[in-house]
Structure formats: structure tokens, C-alpha cells
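Me: I'd like a close look at one part of this model, please: the sheet and what packs on it. Could you start with the overall build and then zoom in?

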Amino acid sequence: MEMINALGRRKSAVARIFVTEGTGKITINKRDLTEYFPSTILQFVVKQPLTLLDATEKYDIKVNLYGGGFTGQSQALRLAIARALVKINADDKKALRAEGFMTRDPRQVERKKPGQPKARRRFQFSKR
């Protein structure tokens with residue numbers, strides 16, 4: 001199997017991954033998964049597509065991850081892994097879609113408007 005690459009995004013986080021056959025090692029920005037995401041919940045989120053297809057020990061994944069916070073980064077990585085698994089075997093797409101791993105979450109932070117302190121918050125109105 002040659003190297004498969006995929007892209008995942010969430011909020012302002014971008015995950016570019018490179019998948020090869022291996023022993024199940026996930027390297028993020030030249031660091032191990034457990035070192036990059038110390039939280040077990042975020043590690044679980046990243047591995048969800050792999051555990052669904054029983055492929056945790058099949059592939060080595062190298063990740064370039066930047067932007068956003070740790071939650072957005074973990075969800076961007078989950079999307080990228082799901083997309084790469086579909087490139088490897090197109091029959092897995094139905095199972096991944098049913099769990100919601102193939103859907104890119106479009107919610108973004110709304111921009112701040114001029115004359116307001118935040119996106120929707122207005123300065124206090126004073127009648128007199």
C-alpha cells in the first residue's frame with residue numbers, strides 16, 4: 001500500500017495526515033498521540049473511526065496539525081482519518097457516515113462587527 005493523504009478541518013484547525021501500513025502508531029507534529037493530547041477523551045475522539053473499523057493496529061498515521069484549540073484539532077484529525085480510511089477502502093464509507101465521522105462541521109466563529117464589543121453583544125443603550 002502506498003502513502004494515502006487526507007485533510008480534515010474543524011473551526012480554524014487543519015489536520016493533514018499521511019497513512020501507511022504499520023503497527024498503529026499515530027505521530028502528531030513529531031510527537032506521540034498521548035503526548036500531544038494528554039486527555040483520554042481527546043485520544044478517544046481521534047481513534048473513533050479506527051476503532052469502528054477495527055483498524056487501530058493496521059496503519060501508521062503521521063499528522064501535521066495547526067490552528068484552533070485542542071478540541072477543534074482532535075475533531076479535525078478524526079475527520080481526516082475517516083476520509084483516509086474511505087480512500088483506502090470505499091466500502092467503509094457507509095459505516096463511517098452512519099456514525100457522523102464523514103461530515104465536516106461547518107460552524108465557525110462569527111466575526112466581530114464594528115461599533116459592537118463582540119459579534120452580537122451591543123454596548124449598553126442609554127436613553128438619557
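What radius of gyration does the chain have, and what would a compact globule of 128 residues have?

Reply: Happy to walk you through it. Keep in mind that this is a predicted model. The chain has a radius of gyration of 18 Å, whereas a compact globule of 128 residues would come out near 14 Å. Along the principal axes, the C-alpha atoms fill a box of roughly 70 × 30 × 25 Å. Of the 128 residues, 34% count as buried, and the accessible surface comes to about 8500 Å², with 51% of that area belonging to carbon and sulfur atoms.

Now for the elements. There are 4 helices and 5 strands in the chain, and reading along the sequence gives the pattern β-β-β-β-α-α-β-α-α. The sheet itself is open, holds 5 strands in the order E1-E2-E5-E3-E4, and has mixed pairing. Strand E1 (4-10) and strand E4 (31-32) are its edge strands, each pairing on one side only. At the E4 edge, strand E3 (residues 26-28) pairs with E4 in the antiparallel sense over 2 bridges, and there Thr-27 stands opposite Asp-32 in E4.

Helix H3 (residues 70-88) packs on this sheet, where it touches E1, strand E2 (13-21), E3 and strand E5 (59-66). The direction of H3 makes about 145° with that of E1.

To return to the whole chain, consider contacts with a separation of 6 or more: residues 24 or more positions apart account for 67% of them.

Note on methods. Residues are numbered from 1 along each chain as its sequence is written. This is a predicted model: local features need pLDDT of at least 70, side-chain atom pairs count only at pLDDT 80 or more; totals for chains, interfaces and linings use all residues. Side-chain values use heavy atoms; hydrogens and water are left out. Two strands pair if DSSP finds at least two bridges between them. Contact means heavy atoms within 4.5 Å. Axes are lines fitted to C-alpha atoms, for helices over the stretch in contact, and angles run from 0 to 180 degrees between N-to-C directions. The radius of gyration is taken over C-alpha atoms; the globule rule is 2.2 Å times the number of residues to the power 0.38. Buried means under 20% relative accessible area, exposed over 50%, partly exposed in between (1.4 Å probe, protein chains only). Accessible areas come from the Shrake-Rupley method with a 1.4 Å probe; for residues, only the protein chains shown count as cover.
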